[in-house]
Each structure stands twice: as structure tokens, then as C-alpha cells.
Amino acid sequence: MRSLPNPFNSLKSFKRGKIEKGWFYSLPALEEAGLGDISRLPVCLRIILESVLRNYDGKNVNERDIETLARWNPSQPAAVEIPFTVSRIVLQDFTGVPLLVDLAAMRDTVRGLGLDPNLIEPLVPVDLVIDHSVQVDRSGTAQSFLDNLNIEFDRNRERYRFLKWGQQAFKTFSVVPPSIGIVHQVNLEYLARLVFEYETTDGVLCFPDTLVGTDSHTTMINGLGVVGWGVGGIEAEAGMLGQPISILTPEVIGVHLSGSLLDGVTATDLTLRITEMLRNEKVVGKFIEFFGEGASNLEVADRATIANMAPEYGATIGFFPVDDKTLDYLHITGRTDEQIERVKYFYEAQQLFGIPHLGEVDYTKVIELDLHSVKPCVAGPKRPQDRIELQKLKETFTDLLTRGKNEGGYEIAHDSLSKRVSIHDYKGYGNDQAKAVKNCEIGQGSVLIAAITSCTNTSNPNVMIAAGLLAKHAVERGLTVNSTVKTSLAPGSRVVTDYLNETGLQDYLDQLGFNLVGYGCTTCIGNSGPLDTPIDAAIKDGDLITASVLSGNRNFEARVHSSIKANFLMSPPLVVAYALAGRIDIDLSTEPLGVDKEGVAVFLKDLWPTQEDIQKKIMVGLRPAMFKEKYSQILDVNPQWDEVEVTGGNLYNWDCHSTYIQSPPFFDNFRINLEKIQSLHKMRPLAIVGDSVTTDHISPAGSISEDSPAGKFLMDKGVRPAQFNSFGSRRGNDRVMTRGTFGNVRFRNLMADGKEGGYTKLMPEGEIMPIYDACQLYDKRKTPLIIFAGNDYGMGSSRDWAAKGALLLGVKVVVASSFERIHRSNLIGMGILPLQFKTCDNISSLKLKGSETFSLPGLDDNLQPSQELTLHINRENNTTDKILVIVRIDTFGEIEFYRHGGILQYVLRNIIQSS
């Protein structure tokens, strides 16, 4: 136990229960000490200030750090680093497995240096939730859930053994087994404490619950008043091992919500409106704080839906402060009265309780949104910020069919718009219990996947009950879903199943094919499973632009399914509606979904439930006891997990034949002494890409094709295509992931002469070949590589492999018009230099062809944050152009990470030296 320092006389006692007292670092005391108008700071910044104050030690955190943040200038925040130390870390299994692989490899490295491997141990609690591995292999039957669960364990047993090893090898590392729920919903309903307590020699110290997570949608926890955001696994490892999360003092944009939503408008509609609005405001890297009466009136489930989409609108967080609605949520999710009481006492003592009203807090900028103005909508077909009002979807989609590809369209010839392809007898989705399909047709705009999936949207009682009621009304009118539509329901929480069963609504969803398929991130992450072979063939034979509809967060190209090119985000009840319609090119405000038993046309308005009906069902179906029961014994509810055998020991016994888990090469030839930063010369371009290249393009999470470098590698290892699993599930094997980097079938490298997929042009030969194969040749020639990109490079999921794979391919530099926050940080974390065009230069104005070579002669050991460098472009005709670029290493801490060759090496050297 440590004793407590008392900077600025801020250590105070407070009533933490009816009798007990506790210590806390008082923010009001800082204001009394004259450090600034603390009470006018955005609430999210005050929580970060508390962390800085509490972790004061005179070395890593000093008085100047506290004073600078306390005097935050909203119009021009100081360009200084904040050393933010989080209370805990949350992982999901896709990103958690490679993180654990790295920790195991670090232990091996430490042992190889003759030191105690146990030096590598998380210093804060780490929870890993297994939720990304289940796929929709079976759907539409009562057995789908158990079938998918059994397939999941068959495929992933080796990964699960590894995670079980990690749970016993590391003291502060715990695992939530499969089929408990989606990581973000488990975080909201179970893991989140809101107030942490720590025993010290002076008594119990209380402080706010804060975190980072290895999923970009960690921001969902902001809806509960917890400051936290997504980071790459690389940063999370550093945080686990005691490093503060270093961020530049942010701008905080206040979003003032007024009014209330109209009847028939869902939280999903509101979230898509906010996503569009804030993406247009260019809030990348900024904090968002929601306030005002409209925010106060939103339930936590609705707030979490909005906060969850912060990565889509580009912000670091989308924060709602703690208030009475927060306490109500803690009660309904089964927290004890003592826990709720402690939260209220602590946040009141810190003057952090309650959502601010207009004028009470200073923000960098205030944006207004009247909730009354929000209309039903969807987003797509390729990006979550591309909102489309519901009644305009048919018109928009029809226009996109013929619009040119360079304008975001599909460039379908007019004479192909009415093309239909017939499909004959087959069984649905590889399941003998599925309905047999006789004769049917699909065409442009056919909906082939309808998935109620993802976290908040499948755990928000309002929209889930609405979906169930809409299904009930449809069944009662005799409507059905066409057998060509792959329907699925993957709730974020097991409690959803409880209240859908309690209200009798699950039966109606089942009758339309929305049977339970699993509790996990399925279609939204690309785990939609296969389409039936005849349907897949019909899409390809007819060159059809078909659609998926999903209640998820992401609809990037080839993410949902490689064969489906149009993907639309929407609320769960709209997913049911479009499944009934069977096509996306329909105006639901004027065209019927179908006809009833009497031959009467049935419109969406005939099926849509009233808010009064929804609330009645919620009152009947949702009880705190459901949450208490579901989370009381989470380690004992999955027999398959209990059967996974595990080996002991603090060092992992690597299997050289494994295709899932391999010791990574990041610490090969590790040396304690540093080398100086050197200039780079004669770099060849690996890829030249346009705007909005996502981490899905760079590091796909979905299926692995047989003819890809990764597929060929697995077949050479004796793995049959049916056992390929997904890229996401194989992230613990760098041999697979490196071969899959830039392997998305929709990746467009301008060097590949129009060929889509993971291809480049080997230079100087000019031969088109797979990127992985070209990189092997470049490696033999000792040729460093560079990538050029447009705006928002690396947007999307916080995938460490998007940076790790690039490093292992030989990429040294990425130059872009702008970077998404997490990916920029991950590049630095792997020792790759991110550069940004300084002026109006871009890949078009520079007329890059791919035949050039590039040099950075001014790069040296005196590198500074945001420094300007001159990039030399050496063209084929022996001329050289010089342009200015900005080093997008924003802090001195990041400079150190880059200097060490990456954050993992930096942390490892620090641990070894301190030992």
C-alpha cells in the first residue's frame, strides 16, 4: 500500500456510504486554491484532471501538468501532453489475442536476458470479453444458436486454450467466456464500476472509473458517464504495463441537445443524424460532450447508442455526464443500493453530478441539435456518416446504381437495372431444418442479409421491443420474409432474450426468421457467415448490386460480406421491415411491404408500434433480477468453455505447427541500447490510395479466400478452406495476418491499373502481383517502402494489425492528407513514420504514378513533434520535386516511441532498466 500525496491541499475526505468515509482528490479544492474555474471545465476534462491530480508524483506527473489542464483555454487549448492514467483496460478477443501474444513474447525476451519473466505483468485490471469469434453459419432455426456455438468452439479451441493460459499466467488478467454478451454491453451492464476504491495506508481512496479498450467502440461506456475510448492493442499493452495514455490537450465540442424525439423516431435515427452532423464538423481527435435538457431526457441506453458511434463521427469520445438517469440504469442492471449510493455521493462531492445546462460550462464550440428535427433514416451504402432519410432511400440507391465509380456509384448500365437471376431448388444456409427454396429471383437491390446485430442497437429495450412488436404485427397480418434473405438476431446481452421471451415477442421474430444466432459481434464485424452457394453464384453471374441491412455501426466495403456491395445501417425495426420487403429500392412511405391474408396492401405505418405500446412492454418485460441472474455466475454458464483444457506456467509453450498462435517477430534481435534515427532513401511506393481507406481495407477481419496469399499459406499447412475461419480469429499468427494485410477484395491501389484487391505493381519491373509477394522481393532487395493516401486514412476499427502488418511488409512511412486518430497512433506504436501533406499537395496534384522513388534526407535523431520535413520525389525522367510534409508525431512521448522502434520496445526497455 502506498501513502497519499497531497498536491495543492486537494486530498479530502467525503461520505462514501451511510457510515463509511473515504478519501478523494477534490476538484473543488483546486478551484479554492486558485488554479482556475474548474467548475466551468467540461465534465469529461474534469475527470481527466482528477486522474492527473491523483497520480501526481513529481516525476511522471508534476504540478505544472495539473495547473496547465486546470487552466484549460477552450478557444486555444495548450499544445501540451496530458499524462492520463486509466483505472482499467477492456479487450475483445480479436484484438486481445495478439495483445496476449505480445505479452507472452515479451516474457520470453525478458527470460532470454536472464531476468524474471514475471516483470511483465499488467499493473491495472484487464478484462477480455470473448465476443468476436461467433459467426452466423446457421440461421433461421431454433437450433441456430447451439449450432453456431458448437462451430465456434470447434474452430477456436486453440485460441481459447491460449486465453485460458493467459488468465492463469497473469494475475490481473481475466476472461469473460463466449456467449455472455458483446464486450461493450458487458462493460455497461457488469464491468463498469463508475467509482473505484483503492486501499492505502491512509484509508480507502475513491476515484472515477476510466478506461481504454482495444475496440474503437469502447466509447459506448461514455453513455454511462465513464471517460474511455478505443486504442490499438499496441497502446493498450503500454497502458497495462504502467504507461500513462499520453494525449494532447483536446478541444471539447459541446453538443447542446434540446427538445425530444418524435413518436416513431428511434435512438438509431438520432445517432445517424449526429454522426452525419459531427463528421461534417470535422471533429477527428476532439472530445464531444453532450449537454442540455434534450441530453438529460435521454435514457442511458439511448446515450450509449450515440456514444458508441463516436469513431464513426470521428471523435475521441462522445460523453454524457453522470446524473439521475445513470443511477436509474445502475438500478435496472442489478447494481446494489450501496454501489449506487457511493456513485451519487462521490460525484456530488466532486461537483460532477448532473448534465450541464446551456451557459454553465465553457466549450471550444457549441453545436445545436433540436431532437424534434430528427427523422427516420438509414446510412450507407459504404460509410456510416452517409445518412439518407428513409423516404429518399429508393431514389438515392437508384441514382447510385448508374452513377460513376469515381463518384461513389456502381456504374451499372441502364439496360442491366432490371436484370433478374433465377435461383432453383436448394436448402437454406447449410441446415437441414431450414426451409427449402423452390424457385425465386434476385436482382439489383435485393436484400440478402437482414441482421439485428451489434451492441447498443441490440441491447436498447426501446428499439428491440419495437422490432418485436413490428414482427408481431407483420405475422398477424400474414406477412413472411423471402427465403433468400439471411435473417439473424445477435443480441448484445443475454437479458435481451429474457425480455423478448417475457413479452412473448421472440416467437414472432422467430416466425420471420430472426432466431437467436449467438451473443456476439456477428454481421457488423464481418462474421455474417456464408451466403448459400446458389445465391452467391447468382450475384456473381448477374453482376448484381445486392444489399444487406443491419442494425450495426459499420458498413464499410466488403465488411459485411464480400459479395454484397450495398450495406445500410438502420434501427432494428427497420431491419425487420426491409427483410419483409426483400429489396432496398422501395419507398416505405408510399409502397407496401406486401399484402395480408385478405390481399390488402400492408404499409410500414400499419405495422409500426406506438411509443406507448413499446413502454408497456418494457414495464412488463424488463426487471433488475434478470441482470443479477445473468451476471452472477458468468464463468459457470458455458460448459464448452469449462471443457477447454489449459496448460499452466508463466511462459507459453509455443507450438511451431500452430496456424492460430505464433510467437511474433517484434522482439527479434532486441537490444537494450538504442540506435539513432536515420534518414530514409530510395523508398518505393507500395500503394497509392484515395480517401476513406479504412482499417477494413488494410487489415480485413472477415473471410479468407483460397486464392489469396493467406489462403494458400493455410492450405500449405494442411488447413482445409472450410476451416479457414476469419482473419480476425487468426490475428495471433503474424504469418497469416501479414499475408492478409491490404487483402480486402475492395482495396483499390491506384498502382494496380484498376485491379481490385491486395495488388501492387512491383517496381521497376512494372509487374502487377499480390502485395505480399511484392514485399518479399522488396525485402530481399532491402528496399524500404512508403504508402500515399488521401483523407481519413485508417478510419474504422482500432486494429493493431493495420500497423503491425504494414511494418512486417517493410513499410517505413505513410504520407496522407489526414489520418484517423487511432491508426496514426498505431503507426507510431509500430515504428512507422506518419507524415501529412503540409499544403494543398495530394496524390492527384503530385501526379504520382508509382514509378518514383522517395527520400527523407532531413530525418534524423533531432526529430521533434509536428516538425516539417522535405520529401524528395525522384521521378523516372531524373527530375526531383521537393514538397513539405508535417511529421504527425504530435507529442514528445510519441517521439520516444518512434525512437525506440515502437511502443512495445520502449516499454520493454523501461521495464528492464527499472529492474
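**Entry 1: salt bridges**

I count as a salt bridge a side-chain nitrogen of Lys or Arg that lies within 4 Å of a carboxyl oxygen of Asp or Glu. With that in hand I looked up Glu 476, and I found that its salt bridge is with Lys 472, the closest N and O atoms being 2.7 Å apart. I note that I am reading a predicted model here.

Both Glu 476 and Lys 472 belong to helix 15, which covers residues 461-476, and they sit four residues apart, about one turn of the helix. I wrote beside this that an α-helix has 3.6 residues a turn, so residues three or four places apart point the same way. Glu 476 has a relative accessible area of 40%, and I therefore entered Glu 476 as partly exposed.

I then looked up the total, and the structure holds 50 salt bridges. I followed two further pairs.

In one of them, the side chains of Arg 107 and Glu 121 meet with a distance of 3.3 Å from N to O. This pair links distant parts of the chain, since Arg 107 is in helix 4 while Glu 121 is in the loop between helix 4 and strand 5 (126-129), 14 residues apart. Both Arg 107 and Glu 121 are buried.

In the other, Glu 441 and Arg 420 form a salt bridge through their side chains, at 3.6 Å from N to O. I placed Glu 441 in strand 21 (residues 440-443) and Arg 420 in strand 18 (residues 420-423), so that this pair, 21 residues apart, also links distant parts of the chain. Glu 441 counts as partly exposed because its relative accessibility is 41%, and Arg 420 counts as partly exposed at 45%.

I also noted a network of salt bridges that links Lys 382, Glu 557, Arg 746, Arg 748 and Glu 756.

**Entry 2: helices**

I turned to helix 4 (residues 93-112) and helix 5 (residues 144-169), whose axes come within 10 Å and cross at roughly 55°. From this angle I could write that helix 4 and helix 5 are oblique to each other, and I added that their crossing is left-handed.

Next I asked myself how many of the nine residues of helix 28 (residues 801-809) are buried. I found seven, so helix 28 is largely enclosed by the rest of the structure. The buried residues of helix 28 are Trp 801, Ala 802, Ala 803, Lys 804, Gly 805, Ala 806 and Leu 809. Gly 810 follows helix 28, and I recorded for Gly 810 a positive phi, near 105°.

**Entry 3: backbone details**

Before looking at the loops I reminded myself that most residues other than glycine have a negative phi, and that most peptide bonds are trans.

I looked up a cis peptide bond between Gly 380 and Pro 381, with omega about 10°, and I placed Pro 381 in the loop between strand 16 (377-379) and strand 17 (387-389). A cis peptide bond also joins Met 763 to Pro 764, where omega is about 15°, and Pro 764 is in the loop between strand 29 (759-762) and strand 30 (767-770).

For Ser 179, which is not a glycine, I found a positive phi, near 70°. Ser 179 has its place in the loop between strand 6 (173-176) and helix 6 (183-191), and I entered Ser 179 as buried because its relative accessibility is 14%. Asn 878 is another residue other than glycine for which I noted a positive phi, near 70°. The loop that holds Asn 878 runs between strand 35 (868-874) and strand 36 (880-887), and Asn 878, with a relative accessible area of 75%, is exposed.

**Entry 4: a surface patch and one loop residue**

Which residues make the nonpolar surface patch of about 270 Å²? I listed Leu 113, Leu 115, Leu 119 and Ile 672. I followed Ile 672 into the loop between helix 23 (639-643) and strand 28 (680-688), and its relative accessibility of 36% is why I call Ile 672 partly exposed.

I ended with Asn 842, which I found in the loop between strand 33 (833-837) and strand 34 (853-856). With a relative accessibility of 27%, Asn 842 counts as partly exposed. Asn 842 and Glu 67 are 775 residues apart along the chain, and I noted that 40 Å separates their C-alpha atoms.

Conventions. Residues numbered from 1 in each chain as written. Predicted model: local features only at pLDDT ≥ 70, side-chain atom pairs only at ≥ 80, totals over all residues. Heavy atoms only, no water. Patch = residues over 30% accessible without salt bridge, like charges linked within 9 Å, V, L, I, M, F, W, Y side chains within 5 Å. Areas by Shrake-Rupley, 256 points an atom, 1.4 Å probe, with all protein chains shown as cover. Helix = DSSP H or I, 4+ residues; strand = E, 2+ residues; numbered from the N terminus. Buried < 20%, exposed > 50% of the residue type's maximum accessible area, 1.4 Å probe, protein only. Axes fitted to C-alpha atoms, helices over the stretch in contact; angles between N-to-C directions. Parallel < 35°, antiparallel > 145°, perpendicular 65-115°, else oblique. Left-handed = near helix turned anticlockwise from the far one by under 90°.
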